[in-house]
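The following exercises are to be worked through with the sequence and the model side by side. Each task is followed by a solution in steps.

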Amino acid sequence: MRTDRLVAVLLLLQRREQVTAAEVARELEISERTARRDLDALAMAGVPVYSTQGRGGGWRLVGGARTDLSGLTASEVRALFLVAGPASAATPAVKAALRKLVHALPEPFRVQAEAAASSLVMDPRHWGSSRIEHRPPRFLDELQDAVIHGVQVRLGYVDSKGAETERTVHPLGIVAKGPTWYLVTDTDAGRRTFRIDRVSSVEPTGDPVRRPEDFDLAESWRETADEIDRRRTPLEIQAVCAPHGIDLLRRALGDRLDVGGSMPDGRVGVVIRGHDEHMLAGELAWMVEWLEVTGPPGVRDHLASIGNALVERYG
């Protein structure tokens, strides 16, 4: 704790031209006596800090001196470089920034940072999935700049049907969903989300973004993602499942499964969401040993048809 506190005092000195013991005490929630003792300890450790007495006095760094101390702990350094090694999914800009950060670290941390960068490989692909590398979309940097600088843009966009339009939008944030990037915006028609790989042109207007005071990017994306999920899986079916089949259902269906309470016979009630009756029946047919669909009737009919076809072919 003492070492962490001394680091905090040093960073406070670097951030301000002058501090008093009382200001340090308030900032770090310690007594003035402890603050004075910590300031003296920095001076005794060779940090170029000195005090001036009298009215308007306080503690300063000699000549505005600064150290190369980043304030990061050893575990924080390792965490950063674990996800930015040569085989990671970090962008080239992130890797370049972290390489520069190495030179600002205390010597003992540098060896750990460099070792961490080469100690982990992150492979986001599932077994059996495509080896295609997904590159960042063309206008990602321009749109990120617009978000950071709070500038409206004239956006060219090609929708899923191939129709191209232009509109002025207020960029609010960017979200990466798997390999796909989305731009969250405010428009005259309300909140809208655009796939960045469908953006055909970006022209900053120079006008400031209208950003709602209560806007939260994470919350806004949760609402958008929930709405997309509802549109993608509008059908709900009811079923009961043997207890030992629930984990299999979870692995197969993910967020499309809602697990309810136990039934009198020990089975568990579930609700499953899908796109249409025929596809959902085909998806669930292999679970016949553990799962019984109770409704709607159309899904049960499709399951029966699948069962009859299997018996006819293999029976």
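Is Glu283 buried, partly exposed or exposed?

Glu283 counts as partly exposed, because its relative accessibility is 31%. Buried means under 20% relative accessible area, exposed means over 50%, and partly exposed lies in between (1.4 Å probe, protein chains only).

The model is predicted: local features need pLDDT of at least 70, side-chain atom pairs count only at pLDDT 80 or more, and totals for chains, interfaces and linings use all residues. Residues are numbered from 1 along each chain as its sequence is written, and side-chain values use heavy atoms, with hydrogens and water left out.

**Exercise 1. Salt bridges**

Task: Determine which residue pairs with Glu283, and place both partners in the chain.

Solution.
Step 1. A salt bridge is a side-chain nitrogen of Lys or Arg within 4 Å of a carboxyl oxygen of Asp or Glu. Glu283 meets this criterion with Arg256, their closest N and O atoms being 2.5 Å apart.
Step 2. This pair links distant parts of the chain, 27 residues apart: Arg256 is in the loop between H9 and strand S9 (257-262), while Glu283 is in helix H10 (residues 277-284). Helices (H or I, at least four residues) and strands (E, at least two) are DSSP runs, numbered from the N terminus.

Task: Describe the salt bridges of Arg36 and Arg250, with the separation of the partners along the chain.

Solution.
Step 1. The partner of Arg36 is Glu32, with 3.5 Å between the closest N and O atoms. Helix H3 (residues 32-44) holds both, 4 residues apart, about one turn of the helix.
Step 2. Arg36 is partly exposed because its relative accessibility is 40%, and Glu32 is partly exposed at 40% relative accessibility.
Step 3. Arg250 meets Asp247 in a salt bridge at 3.6 Å, N to O. Because they are 3 residues apart in helix H9 (residues 246-253), about one helical turn separates Arg250 and Asp247.
Step 4. Arg250 counts as partly exposed because its relative accessibility is 44%; Asp247, with a relative accessible area of 48%, is also partly exposed.

Task: State how many salt bridges the structure holds, and name the residues of one network.

Solution. The structure holds 12 salt bridges. Glu227, Arg230 and Arg231 are linked in a network of such bridges.

**Exercise 2. A charged patch**

Task: Identify the residues that form a patch of negative charge on the surface, and characterise Asp226.

Solution.
Step 1. Patches are made of residues with over 30% relative accessible area and no salt bridge; like charges are joined within 9 Å, and nonpolar side chains (Val, Leu, Ile, Met, Phe, Trp, Tyr) within 5 Å.
Step 2. The negative patch brings together Glu223, Asp226, Asp229 and Asp255.
Step 3. Asp226 belongs to helix H8 (residues 217-232). Because its relative accessibility is 41%, Asp226 counts as partly exposed.

**Exercise 3. Strand pairing**

Task: Trace the pairing of strand S10 with S8 and S9.

Solution.
Step 1. Two strands pair if DSSP finds at least two bridges between them. Strand S8 (residues 235-241) runs antiparallel to S10, joined by 7 bridges, and S9 pairs with S10 in the antiparallel sense over 4 bridges.
Step 2. Val270 in S10 is the bridge partner of Ala239, and Val270 is also the bridge partner of Val259.
Step 3. S9 and S10 form a hairpin with 5 residues between them, and Gly266 in the turn has a positive phi of about 95 degrees.
Step 4. Of the 7 residues in strand S10 (residues 268-274), 6 are buried. Val259 in strand S9 is partly exposed because its relative accessibility is 37%.

Task: Describe how strands S1 and S2 are connected.

Solution.
Step 1. Strand S1 (residues 49-52) and strand S2 (residues 58-61) run antiparallel, joined by 4 bridges; Thr52 has Gly58 in S2 as its bridge partner.
Step 2. They form a hairpin with 5 residues between S1 and S2, where Gly54 in the turn has a positive phi of about 85 degrees.

**Exercise 4. Backbone features in loops**

Task: Report the backbone geometry at Pro296 and Glu29.

Solution.
Step 1. Gly295 and Pro296 are joined by a cis peptide bond, with omega about 5 degrees. Pro296 lies in the loop between strand S11 (291-295) and helix H11 (297-314).
Step 2. Glu29 is not a glycine, although it has a positive phi of about 60 degrees. Glu29 lies in the loop between helix H2 (21-28) and H3 and is exposed because its relative accessible area is 74%.

Notes: Accessible areas come from the Shrake-Rupley method with a 1.4 Å probe; for residues, only the protein chains shown count as cover. Lys and Arg count as positive and Asp and Glu as negative; His and the chain ends are not counted. The place of a charge is taken as NZ of Lys, CZ of Arg, CG of Asp or CD of Glu.
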